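Got your viewer open? Let's take a short walk through this structure, one selection at a time.

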Amino acid sequence: MNYTIPPVPVTSLAVAGIAERFPVNRIFCVGRNYAAHAREMGKDPDRDPPFFFMKPANAAVDASVPVSIPYPPKTTNFHHEIELVVAIGKGGKNIAASDALEHVYGYAVGLDMTRRDLQLDARDKGRPWEFGKSFALSAPIGAITRAADGGHREEGAISVTVNGGVRQSSDITKLIWSVSECIAYLSEYETLEPGDLIMTGTPEGVNAVVAGDVMQGDIAGLSGISVTVAA
Ligand code: MN
């Protein structure tokens, strides 16, 4: 195949224990999936259907080893959101919740880094969230633990510290919409494809980081991540 310009390389993530890498297709992100976080964002938590936004594949940053991400332009309120990331290994549409976990390749620890000032300004004006959420290098993600090796993540502590101080600390059991329910719902609207990622939402405690801060993200049973905010 001859291209008119060089195609961008495939973004990929490390997989724990094997040399092969996981190619990133699309990144779907669930909004307000922990009640206490919905409240801190000024919204009532409820069982309304989940809603999704997206990040481009080039948002993903391999954080299987300690990494730095740039402090992005046009913000003065750059927030961490620690999240359980689901890697889809088998595509499908109209997937039943009872079958959903068969589509999961594995799980990882991720950060949905957010230009909160831009997101809230867009939200309040009824505009899309892209400038707040969907920028390059906004999703550091650790090594994927294969479900075949580590099972499924339906409970367990999730946390992020900044410079050693706890910022967010919760448990996967507090997800309003479970991993299975998110997959089932999303697959009614979009045919899921191998390589898709789902960032499942963040618990309460989102807050700002500045250049030089070091974020340590952990989820029980998964490889933790260490992400430094560069200047
Ligand atoms: Mn998020």
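**From the whole fold to the metal**

Start with everything shown: in this predicted model, residues 24 or more positions apart account for 77% of the contacts in the protein with a separation of 6 or more.

Now switch to cartoon view. You'll be looking at five helices and 18 strands. The radius of gyration is 17 Å, close to the 17 Å that the globule rule gives for 231 residues, so the protein is as compact as a globular protein of that length. Turn the C-alpha trace around and you can follow its span along the principal axes, about 45 × 40 × 35 Å. Try colouring by burial next: 48% of the 231 residues count as buried.

Next, select the manganese ion. Which residues coordinate the manganese ion? Show Glu 81, Glu 83 and Asp 112 as sticks: the two glutamates give OE atoms and the aspartate gives OD, at 2.0 to 2.1 Å. Along the sequence, these donor residues follow the spacing E-x1-E-x28-D.

Stay with the two glutamates for a moment. Are they buried or exposed? Glu 81 counts as buried because its relative accessibility is 4%, under the 20% cut-off. Glu 83 has 0% relative accessibility, so Glu 83 counts as buried too.

For the last stop, select Arg 32, Asp 44, Asp 46, Asp 48 and Phe 51. Of the 13 residues that line the largest pocket, these lie nearest its centre. The pocket's volume is about 170 Å³. Colour the lining by residue type and you'll get seven nonpolar, one polar and five charged.

Methods. Residues are numbered from 1 along each chain as its sequence is written. This is a predicted model: local features need pLDDT of at least 70, side-chain atom pairs count only at pLDDT 80 or more; totals for chains, interfaces and linings use all residues. Side-chain values use heavy atoms; hydrogens and water are left out. Donors are N, O and S atoms within 2.8 Å of the metal (3.2 Å for Na, K and Ca); water is not among the atoms, so sites may look incomplete. Buried means under 20% relative accessible area, exposed over 50%, partly exposed in between (1.4 Å probe, protein chains only). On a 1 Å grid over the protein atoms alone, a cavity is a set of points where a 1.4 Å probe fits but cannot get out, and a pocket is an open set with protein on both sides within 12 Å along at least five of seven lines; lining residues have an atom within 4 Å of a point. Grid points are joined across faces, edges and corners, and a volume is the space filled by probe spheres set on the points. Ala, Val, Leu, Ile, Met, Phe, Trp, Tyr, Cys and Pro count as nonpolar, Asp, Glu, Lys and Arg as charged, and the others, Gly among them, as polar. Helices (H or I, at least four residues) and strands (E, at least two) are DSSP runs, numbered from the N terminus. The radius of gyration is taken over C-alpha atoms; the globule rule is 2.2 Å times the number of residues to the power 0.38. Contact means heavy atoms within 4.5 Å.
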